[in-house]
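Reader: I am in my first year and would like to learn how to read a protein model. Could you take me through this one?

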Amino acid sequence: KNYKLDFIKKHPESFVSTIFKSSRDPEVPEAPILANGRKDSTFKYFYFKAHYWDNINFSDDKILRTPVFYNRIKNFFENVVLQHPDSIIVEADKLVERARANKEMFKYVVWYLTYTYETSKIMGFDAIFVHLVETYYMTNQCYWMSPTTLDNITKRANKLKPILLGKEAPPMIMQDTSLQLQSLYMIKSKYTVVLFWDYECGHCKTEVPKMVEFYNKKKSELGMEVFAVCTDTNMVEMKKFIRKNNMPFINVDGPRAVTPHFAETYDIYSTPVIYVLDETKKIIAKRIDAEQIEEIIKFDMKKKMDQN
């Protein structure tokens, strides 16, 4: 550390000095004393986060040609920022504003954030991707994008926006095995699990029995109903699968629908896919396994009790 500091002092204009400075974490001072006589336990974290980027010269894009900046941005958004979409969005916007000092820095930061949260496997982080596209791509700030690529990324964000956590689930009205219409919004239960499945899907053959067992045990306790959507058109095979697995759900056939394009609407490109809705049909979870449903519903119950 002393060698690096001495080198920076002697050769301030050197690119090596730039790398040394960019790699340094901020020096955190002693926490202040609060009115109760104790040190502020949150001071170090908030100071560190607020000054994390102090040693980066955002007007110099040469740092992008080293591993330094990538490691800094990755560490910041994975280990420093609170892992919640709202917190990440705030810090992402702040970083983009810093990066405007240089066109290449701006391009890199926007690209890195977009790619990271478009491909994230963490539930709810698609909201960050949608925010970035609406804020920077749809406002024509991403000068490097071809019209085709820009159109594709815009379409992707527009597809995801209606099915983000907290949004009301798009309506579905479909025929059941008796060719009677069943509506998602006619289900009167505290929680509705929407299960998209296919009788030829190997993973469905594993997950659906788990879902049946869970439903039979926990339906009454959790106030839960299941709206099970078969994604294939073959009603004969659908019925055989339902009988074989004793599926006691509201079983409907997706392609036989008053509300078409369910796969496009719910972003179903593989099966099984599970959504969990609350009493008002707001999405509280999606793309989860059957084993996670109970924990998610109980967490939502607790949150609502605390709010009341």
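Author: Below are questions and answers on the cores, the salt bridges and the surface. This is a predicted model, in which local features need pLDDT of at least 70 and side-chain atom pairs count only at pLDDT 80 or more, while totals for chains, interfaces and linings use all residues. Residues are numbered from 1 along each chain as its sequence is written, and side-chain values use heavy atoms, with hydrogens and water left out.

Reader: Which helix gives the most to the largest nonpolar core?

Author: A nonpolar core is a set of buried Ala, Val, Leu, Ile, Met, Phe, Trp, Tyr and Cys residues joined through side-chain atoms within 4.5 Å. The largest one has 42 residues, of which Trp53, Phe69, Phe77, Leu113 and Tyr137 touch the most other members. Helices H4 (67-80), H5 (85-99), H6 (103-118), H7 (126-137) and H8 (147-160) each supply at least two residues of this core (helices are DSSP runs of H or I, at least four residues, and strands are runs of E, at least two, numbered from the N terminus). With eight residues, the one that gives the most is H6.

Reader: How many residues are in the second, separate core?

Author: In soluble globular proteins, nonpolar side chains tend to be buried together. The second core is separate and includes Ile242, Met247, Ile293 and Ile297. Its size is 32 residues.

Reader: Is Thr114 buried or exposed?

Author: Thr114 lies in helix H6. Leaving out residues up to four places away in sequence, Thr114 touches Phe129, Leu132, Tyr137 and Ile153 (contact means heavy atoms within 4.5 Å). Buried means under 20% relative accessible area, exposed over 50%, and partly exposed in between (1.4 Å probe, protein chains only). Because its relative accessible area is 3%, Thr114 is buried.

Reader: How many disulfides does a search of the whole structure find?

Author: A disulfide is a pair of cysteine sulfur atoms within 2.5 Å. Cys142 is buried at 6% relative accessible area, and Cys204 is buried at 0%. The search of the whole structure gives a count of zero.

Reader: How many residues apart are Asp267 and Lys159?

Author: The side chains of Asp267 and Lys159 meet in a salt bridge at 3.9 Å, N to O (a salt bridge is a side-chain nitrogen of Lys or Arg within 4 Å of a carboxyl oxygen of Asp or Glu). The pair links distant parts of the chain: Asp267 is in the loop between helix H11 (262-265) and strand S6 (273-277), Lys159 is in helix H8, and they are 108 residues apart.

Reader: Which residues are linked with Asp267 and Lys159 in a network of salt bridges?

Author: Asp267 is buried, with 6% relative accessible area, and Lys159 is partly exposed at 25%. Besides these two, the network links Arg156, Glu264 and Arg287.

Reader: Why are Asp306 and Lys302 separated by about one helical turn?

Author: Asp306 forms a salt bridge with Lys302, the closest N and O atoms being 3.0 Å apart. The separation is about one helical turn because, in helix H12 (residues 293-307), Asp306 and Lys302 are four residues apart.

Reader: Which residues form a nonpolar patch on the surface with Phe46?

Author: Patches are made of residues with over 30% relative accessible area and no salt bridge, with like charges joined within 9 Å and nonpolar side chains (Val, Leu, Ile, Met, Phe, Trp, Tyr) within 5 Å. Phe46 sits in helix H3 (residues 43-50) and is partly exposed at 47% relative accessibility. The patch has about 310 Å² of accessible area together (Shrake-Rupley method, 1.4 Å probe; for residues, only the protein chains shown count as cover). The partners of Phe46 in the patch are Tyr45 and Leu82.
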